[in-house]
Amino acid sequence: RGARSAQGRIIRRLRARARGRYRTSGRHSAATVRGTTFTVEDRCGGTLTRVQSGVVRVRDFRRRRTVTVRAGKSYLARARR
């Protein structure tokens with residue numbers, strides 16, 4: 001239980017509904033959005049990006065990859081250990 005509760009603790013959260021083109025940064029990833037509804041949460045275990053509508057491109061700093069996240073999906077950029 002200790003590891004699970006520590007990983008799930010939310011440190012900060014950004015909820016947004018954006019028109020136009022925006023870039024948001026978390027501690028472990030950055031998200032580039034174009035006209036979408038999304039949430040970015042910094043947690044102890046990493047940065048979680050959830051997409052409610054539209055498409056978000058997430059840059060994972062640890063893996064050095066960009067991942068496309070579509071509506072209804074989420075992506076967790078894990079923290080370095």
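Asp42 is buried, with a relative accessible area of 6%; buried here means under 20% relative accessible area, exposed means over 50%, and partly exposed is anything in between, with a 1.4 Å probe and protein chains only. The structure is a predicted model, where local features need pLDDT of at least 70 and side-chain atom pairs count only at pLDDT 80 or more, while totals for chains, interfaces and linings use all residues. Residues are numbered from 1 along each chain as its sequence is written, and side-chain values use heavy atoms, with hydrogens and water left out.

Despite its cover, Asp42 has a charged partner: its side chain meets that of Arg12 in a salt bridge, at 2.6 Å from N to O. A salt bridge is a side-chain nitrogen of Lys or Arg within 4 Å of a carboxyl oxygen of Asp or Glu. This pair ties together distant parts of the chain, with Asp42 in strand 2 and Arg12 in strand 1, 30 residues apart. Strands (E, at least two residues) and helices (H or I, at least four) are DSSP runs, numbered from the N terminus. Arg12 also has Asp42 as its bridge partner in strand 2, so the two residues meet through the strand pairing as well as through their side chains; strands count as paired if DSSP finds at least two bridges between them.

A search of the whole structure turns up 3 salt bridges. Another of them is between the side chains of Arg13 and Glu41, at 3.1 Å from N to O. Here too the link is between distant parts of the chain, as Arg13 sits in strand 1 and Glu41 in strand 2, 28 residues apart. The two ends differ in cover: Arg13 counts as partly exposed at 42% relative accessibility, whereas Glu41 is buried, at 2%. Glu41 also forms a salt bridge with Arg43, at 2.8 Å from N to O, and both of those residues are buried. Through shared partners, the salt bridges join Arg13, Glu41 and Arg43 into one network. Glu41 can be placed against strand 1 in another way: its C-alpha is 8.6 Å from that of Arg15, although the two positions lie 26 residues apart in sequence numbering. More exactly, Glu41 and Arg15 are 26 residues apart in sequence.

The strand that carries these acidic residues is well hidden. Strand 2 is mostly covered, with 13 of its 15 residues buried. Thr39 belongs to strand 2 as well, and is buried with a relative accessible area of 8%. On the strand 1 side, Thr39 is the bridge partner of Arg15. The C-alpha atoms of Thr39 and Gly54 are separated by 12 Å, with the two residues 15 apart along the chain.

Strand 2 has several pairings. With strand 1 (residues 10-25), strand 2 (residues 29-43) pairs in the antiparallel sense over 13 bridges, and the two form a hairpin with 3 residues between them. On to strand 3 (residues 46-53), the pairing is again antiparallel, over 7 bridges. In that pairing Phe38 stands opposite Val51 of strand 3, and a hairpin through 2 residues joins strand 2 to strand 3. Strand 2 also pairs antiparallel with strand 4, over 5 bridges, and Val33 stands opposite Val56 in strand 4. Strand 3, for its part, runs antiparallel to strand 6 (residues 74-78), and 5 bridges join them. Thr47 stands opposite Ala77 of strand 6.

Away from the buried charges, there is a positive surface patch formed by Arg23, Arg59, Arg62, Arg63, Arg64, Arg65, Arg78, Arg80 and Arg81. Patches are made of residues with over 30% relative accessible area and no salt bridge, with like charges joined within 9 Å and nonpolar side chains (Val, Leu, Ile, Met, Phe, Trp, Tyr) within 5 Å. Accessible areas come from the Shrake-Rupley method with a 1.4 Å probe, and for residues only the protein chains shown count as cover. Lys and Arg count as positive and Asp and Glu as negative, while His and the chain ends are not counted; the place of a charge is taken as NZ of Lys, CZ of Arg, CG of Asp or CD of Glu.

One member of the patch, Arg64, lies in the loop between strand 4 (55-60) and strand 5 (65-70). Arg64 is exposed, with a relative accessible area of 67%. Its backbone also stands out: Arg64 has a positive phi of about 55 degrees although it is not a glycine.
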